[in-house]
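Me: Please take a close look at a single part of this model. I would like one strand and its surroundings, followed outward in a connected account.

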Amino acid sequence: MDAIETIMTTRAIRRFTDQPVNDADIETCLKAAQQAPSGGNLQPQQYLVFTEPDRKVELARWYKIAFDRYEASLGAPREFRDDQSRRSWKRTRDASRHLADHLQDSPAIVLFLQAKIPWEPRDEQGPMDIGRLDASVYPAVQNFCVAARSLGLGTALTTVIRVYGDEALEALGVPAGRFEIAALIPVGYPSGNFGIAPRKPAAAVTHWNQWGDRRR
Ligand SMILES: Cc1cc2nc3c(=O)[nH]c(=O)nc-3n(C[C@H](O)[C@H](O)[C@H](O)COP(=O)(O)O)c2cc1C
């Protein structure tokens, strides 16, 4: 696939067919993830791939209670700009609920684990903000998702499991205190179609040479 078309049609896919995903395809996506940039080329992530039903059920249990809590915190829907944004909000809400109820049925689930390491250089003037450590993990996550799209596989970048991240990692036997979950990615063949997701036009949020100079 053309790279731009692949990127443009990579969006959150939360409903999957029963078709299994080849381990080799997941390995290809992980190779793409590994090629992502990271601060100082630190590569602070590890991957946990789940394809066995029992393991997926355990992970899904934590995801569901995290999502239930998050969803309950959201409150009543706000006003919408127009019908299209109302429909888009409803689609996302329903699909997110569906994923929370069916995560264990995803053919594969990949956890991106971020090492818990000090990441704040300092000198005699004090600590320096050089960007957060997770900025070195999410490029890998997106590479994974784009590579999956190029193979016809759907993914969704999710983080809500972080609400119970430590508990989930302990239940899954990950060494205590060494990692946090940067992302949980379900992987499978989409039960719907890929398409270009609604976004603000780039021109509406781009300033050329001077703040406020937009090209529309
Ligand atoms: C940092 C981040 C966290 C997200 N967490 C979740 C999540 O926990 N559960 C979920 O269903 N979707 C999650 N999403 C997916 C977003 O809801 C989705 O990217 C957004 O609605 C746009 O979807 P679209 O590309 O299909 O338009 C997350 C996305 C990002 C970037």
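**Strand β2 and its surroundings**

Reply: Strands β1 (residues 45–50) and β2 run antiparallel and are joined by six bridges. This is a predicted model. One pair in that ladder is Q46 with L113 of β2.

Now the other neighbour of β2. Strand β6 (residues 179–188) pairs with β2 over eight bridges, again in the antiparallel sense. Here I109 has P186 of β6 as its bridge partner.

Next, burial. Strand β2 covers residues 108–115, and eight of its eight residues are buried, so the strand is largely enclosed by the rest of the structure. The cut-off for buried is under 20% relative accessible area. The side chains split into two sets. A108, V110, F112 and Q114 point one way from β2. I109, L111, L113 and A115 point the other way. Both sets are buried. Two of these residues have already appeared as bridge partners: L113 pairs with Q46, and I109 pairs with P186.

Step back to the sheet. It is open, has four strands and follows the order β1-β2-β6-β5, with antiparallel pairing. The edges are β1 and β5 (154–155), each pairing on one side only. Strand β5 is joined to β6 by two bridges, and the two run antiparallel. One pair there is T155 with V187 of β6. A helix packs on this sheet: α5 (residues 138–150) touches β1, β2, β5 and β6. The direction of α5 makes about 10 degrees with that of β6.

Go back to β1 and look at the loop that leads from α2. Helix α2 spans 23–34, and N41 sits in the loop between α2 and β1. Q43 belongs to the loop between α2 and β1 as well. Most residues other than glycine have a negative phi. N41 is not a glycine, yet its phi is positive, at about 55 degrees. Q43 also has a positive phi, near 50 degrees, and is a residue other than glycine. How exposed is each? N41 has 51% relative accessibility, so N41 counts as exposed; the cut-off for that class is over 50%. Q43 has 34%, so Q43 counts as partly exposed. Set these loop residues against β2, where eight of eight residues are buried.

Last, the pockets. The largest pocket holds about 670 Å³ of space. Its lining has 22 residues, and those closest to the centre are R11, A12, R14, R91 and T92. By class, the lining of the largest pocket counts eight nonpolar, six polar and eight charged residues.

The second largest pocket has a volume of about 470 Å³. Its lining has 19 residues, with F67, Y70, L74, R93 and S96 nearest the centre. Helices α3 (53–73) and α4 (83–102) are the elements that give two or more residues to this lining. By class, the second largest pocket is lined by 10 nonpolar, five polar and four charged residues.

To sum up the part you asked for: β2 has β1 as a partner through six bridges and β6 as a partner through eight. Helix α5 touches β2 too. The residues of β2 point two ways, and all are buried.

How values were computed
Residues numbered from 1 in each chain as written. Predicted model: local features only at pLDDT ≥ 70, side-chain atom pairs only at ≥ 80, totals over all residues. Heavy atoms only, no water. Buried < 20%, exposed > 50% of the residue type's maximum accessible area, 1.4 Å probe, protein only. Pairing = 2+ DSSP bridges. 1 Å grid on protein atoms, 1.4 Å probe; cavity = no way out; pocket = protein on both sides within 12 Å on 5 of 7 lines; lining within 4 Å. Points joined across faces, edges and corners; volume = space filled by probe spheres on them. Nonpolar A, V, L, I, M, F, W, Y, C, P; charged D, E, K, R; others polar. Contact = heavy atoms within 4.5 Å. Axes fitted to C-alpha atoms, helices over the stretch in contact; angles between N-to-C directions.
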